[in-house]
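Got the model open in your viewer? Let's take a walk through it, one selection at a time.

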Amino acid sequence: MDNKEQKLSLKREVGLAGAVSLIGGTMIGSGIFMSPQTVLYTIGSPGASLVVWACCGLLVILASFCYAELGTVIKESGGEYIYILRTSGPVVAFLLIFSSVLFVRPAGVVGISLSFAQYVVAPFYPDCTPPVILVKCVAATAILTLATVNCLNVRFSMSVQVFFMVAKVFALVVIIIGGMVMLVRGHDENFEDSFANTNVGINSIGIAFYQGLWSYDGWNNLNYVTEELKRPEVNLPRAVVIAISLVTGLYLLVNVSYLTVMTPKELMSSNAVAVTWGNKVLGSWGWIMSVAAALSAFGSLNGTFFSGGRVCFVAAREGHMPDILSMAHVRRLTPSPALIFTTIISLVVLIPGDFQSIVNYFSFTAWFFYAITMCGLLYLKIKKPELPRPYKVPIILPILVLVAAVFLVLAPIIDNPQIEYLYVSLFIFSGILVYIPFIHYKLCPGLLTKLTLFLQLFLEVAPADKNL
């Protein structure tokens, strides 16, 4: 017999178009159709809400540039998990993956699926709030459908992403054009004295940023799939610049359109802002916006699944998750066990899920680890200047992003402390109680080995090597 083992690895099938669609298609999802009313309500004035949206876009652009350098220095999939592992050590990296796998990623999936479901059922309940159980059943159906798509074929899931990217950009362009037409006709009364009643409290600014940044979530998705990206040293920075610049411009113009068509009071009281906009501008064709928003959220959910499964996959490969999650299907070359695991956790989180709470706690946890990631980049710049860097940013950029991340983490706590943020913090650090016995001392029961072998045969999967 030949002693050489044939190793599996994920293929590099994501080109520049797919990369732009993965970033932009995930970012343009539920947020721009769900968060504008909350941003406006929290910050208090139309002018300040536009400033928040612009600042969120600027912060995300700066952070993504930093991630582009990290992705070309550490050419491994896994995003901030792998960057923290290589710069801050295994304990901090495990805390990230513990909170990410059990809360952050599932919360992102649940938040997007809930907004998708709300827009799907909105046309059938024009004068009342749809039943919660119906919304959650539709959300669960979307989660299961996209889990299946991503388990079957990488190329097909990328094709789905590109299609929905085009569809959602078209929908936003329709909103922008409609708003511009109304503005040209002289409907600018909502912009008179546009900064009146602005809430300048630290807590209000922090929560407004949480809601705005939720709409930009997905800016770092390409860093999760670096090993599946063609020519990452070239396509990673290019895709970041193209996608995030496009999304930021679209978001600002869409919010101007919303505020042109609707009064601040109408905007804040709307459950589905795109539907309200469509009813006022398109009349009987207003239902089109409900369809467009649903398609947008569906495409974003697909991108979240595509990247989220890779985080679990990489963590298992590094020994921080069960071995079965580091395996890929022997024929389809997709990380199906990690995707299935993410699906199960997401469905569990969906049961008690509430959209606004999910957004706030998701953002709090995410920016806590973004801050640690920026510290890692600063460490590499200062202590490891000799490392090859195909793409490089000035040191001031990670410093600015770090300051912003620290503010976003502390803002809701300092001004208006809530016990829920303490619970989230305790949850993050409770990962140490899991790390010490099961990772550090490897107290792994033999039953887990038998279960791994059974699942490996049942799911037709095998260990996968790094694709560097």
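Start with α6, because it is a DSSP run you can pick out as one helix. Of the elements lining the second largest pocket, α6 gives the largest share, with 4 residues. Keep in mind as you go that this is a predicted model.

Now bring up the rest of that pocket. Its volume is about 560 Å³, and 21 residues line it. To find the middle, select Met 321, Pro 322, Phe 438, Ile 439 and Leu 448, which lie closest to the centre. Then colour the helices around the second largest pocket: α6, α14, α18 (431–440) and α19 (446–459) each put in at least two lining residues. Colour the lining by class and you should get 15 nonpolar, 4 polar and 2 charged residues.

Next stop: a helix pair. Keep α14 (residues 336–350) on screen and add α7 (residues 132–152); the two pack at about 175°, with their axes 10 Å apart. Angles over 145 degrees count as roughly antiparallel, so that is what α7 and α14 are to each other. For the contact itself, show side chains on both helices. From α7 you want Lys 136, Ala 139, Ala 140, Ile 143, Leu 144, Ala 147, Asn 150 and Cys 151. They meet Ser 336, Leu 339, Ile 340, Thr 343, Ser 346, Leu 347 and Leu 350 in α14. By class, that contact comes out at 10 nonpolar, 4 polar and 1 charged residues.

On to the enclosed spaces. There are 7 cavities of 30 Å³ or more, and the largest has a volume of about 140 Å³. Select Glu 80, Ser 100, Val 104, Arg 105 and Tyr 224 to land on it: of its 16 lining residues, these lie nearest the centre. Helices α5 (80–88), α6 (90–121) and α15 (355–383) are the elements giving two or more residues to this lining. Which of them has the largest share? That would be α15, with 5 residues. The lining of the largest cavity splits into 9 nonpolar, 4 polar and 3 charged residues.

Last stop: one of the 7 salt bridges in the model. Select Glu 69 and Arg 389, and check the distance between their closest N and O atoms, which is 2.9 Å. Glu 69 belongs to helix α4 (residues 46–73), while Arg 389 is in the loop between α15 and α16 (396–415), so the pair ties together parts 320 residues apart in sequence.

Methods
Residues numbered from 1 in each chain as written. Predicted model: local features only at pLDDT ≥ 70, side-chain atom pairs only at ≥ 80, totals over all residues. Heavy atoms only, no water. Axes fitted to C-alpha atoms, helices over the stretch in contact; angles between N-to-C directions. Parallel < 35°, antiparallel > 145°, perpendicular 65-115°, else oblique. Contact = heavy atoms within 4.5 Å. Nonpolar A, V, L, I, M, F, W, Y, C, P; charged D, E, K, R; others polar. 1 Å grid on protein atoms, 1.4 Å probe; cavity = no way out; pocket = protein on both sides within 12 Å on 5 of 7 lines; lining within 4 Å. Points joined across faces, edges and corners; volume = space filled by probe spheres on them. Salt bridge = Lys/Arg side-chain N within 4 Å of Asp/Glu carboxyl O.
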